[in-house]
Amino acid sequence: MIGNDIVDLRQAELDSNWQRKGYLDKICTAPEQQMILTALYPARMLWLIWTMKESACKIVQRKTGIRSYVPLKFCCEVACHDGLQASGTVNYLEEIFQIRTEIKDNCIHSSAVPQSSDFEHLHLHYLQPSATYREEFNSLSGLYLLAGTPSGLPELTHQITGHKHAVSVSHHGEYLAIIYSDSLLSAD
């Protein structure tokens with residue numbers, strides 16, 4: 001299983017007043033709030049933590065089939081952050097997810113996997129969000145067919161083997177990211 005989340009920083013600035021009273025208390029643990037409030041760029045740290053939690057949450061939702069999000073149950077540890085990329089872990093109950101994040105001028109994108117070695121087999125496509133993004137992805141990939149399940153979850157099928165591969169789609173504002181794995185099947 002894999003998960004990803006992307007935040008368009010310009011859109012987030014328009015849509016969210018994260019500095020309002022009580023906001024951070026609802027989504028961040030005390031240590032996470034401390035990281036945000038002491039960061040050189042607090043808003044970027046907030047969205048880094050947000051994408052880490054959301055990407056891990058997508059794995060949990062796929063595993064359980066339950067679409068719920070209780071952000072305080074997802075606890076982030078940022079191990080490395082240099083302004084352009086970050087890595088760390090998200091703990092959820094007794095599970096630990098490995099996270100890698102790419103930070104660009106106007107977006108933050110995080111990917112989550114169960115094991116660090118799973119990152120070696122991930123592929124990432126950034127596309128423009130549109131109603132035809134699946135068709136665009138399918139023409140770019142050649143070997144895979146991206147479709148949706150009846151419940152709306154993305155589903156990726158290898159066109160030769162018929163195997164269902166792990167895939168995650170995220171979009172926000174002007175960004176859309178698709179990650180998939182050559183080695184992880186959707187049931188892994």
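In strand 10, A177 is the bridge partner of Y126, where strands (E, at least two residues) and helices (H or I, at least four) are DSSP runs numbered from the N terminus. Strand 6 and strand 10 (residues 175-185) run antiparallel and are joined by six bridges. The model is a predicted one, in which local features need pLDDT of at least 70 and side-chain atom pairs count only at pLDDT 80 or more, whereas totals for chains, interfaces and linings use all residues. Residues are numbered from 1 along each chain as its sequence is written, and side-chain values use heavy atoms, with hydrogens and water left out.

The pairing of strands 6 and 10 belongs to an open sheet of five strands, in the order 6-10-9-8-7, with antiparallel pairing; two strands are taken to pair if DSSP finds at least two bridges between them. Strand 6 (122-127) and strand 7 (144-148) are the edge strands, each pairing on one side only. On average, and with direction ignored, neighbouring strands of this sheet are turned by 25 degrees against each other. Helix 5 (residues 133-141) packs on the sheet and touches strand 6, strand 7, strand 8 (154-158), strand 9 (164-172) and strand 10, its direction making about 165 degrees with that of strand 7. Such angles run from 0 to 180 degrees between N-to-C directions, the axes being lines fitted to C-alpha atoms, for helices over the stretch in contact.

In helix 3 (residues 30-38), the residues E32, Q33 and I36 are buried, a term that denotes under 20% relative accessible area, with exposed being over 50% and partly exposed in between (1.4 Å probe, protein chains only). Seen down the axis of helix 3, the buried residues fall within an arc of 100 degrees and therefore line one face of the helix, the arc being that of the directions from the helix axis to the C-beta atoms. The face turned away from this buried side carries the exposed residues A30, P31 and T38. The buried residues of helix 3 pack against helix 2 (23-27), helix 4 and strand 2 (74-81).

K53, found in helix 4 (residues 42-64), is buried, with a relative accessible area of 1%. The side chain of K53 reaches the backbone oxygen of I27 at 2.8 Å, and the backbone oxygen of P71 lies 2.8 Å from a polar atom of the K53 side chain. Leaving aside neighbours within four places in sequence, K53 is in contact (heavy atoms within 4.5 Å) with residues including C28, T29, E32, Y69 and V90.

Six salt bridges were counted, each defined as a side-chain nitrogen of Lys or Arg within 4 Å of a carboxyl oxygen of Asp or Glu. One of them joins the side chains of D5 and K58 (3.7 Å, N to O), linking strand 1 (residues 3-8), which holds D5, to helix 4, which holds K58, across 53 residues; D5 and K58 are both buried. E174 forms a salt bridge with R10, the closest N and O atoms being 3.5 Å apart. Because E174 lies in the loop between strand 9 and strand 10 and R10 in helix 1 (residues 9-15), this pair ties together parts that are 164 residues apart in sequence. The side chains of K63 and E95 meet in a salt bridge at 2.4 Å, N to O, which links helix 4 to strand 4 (residues 95-103), the two residues being 32 residues apart. K63 is partly exposed at 46% relative accessibility, as is E95, with a relative accessible area of 28%. Salt bridges that share partners also join D8, R10 and E174 into one network.

Methods
A polar contact is a pair of N or O atoms within 3.5 Å; within protein, one must be able to donate a hydrogen and the other to accept it, and residues adjacent in sequence count only if both atoms are side-chain atoms.
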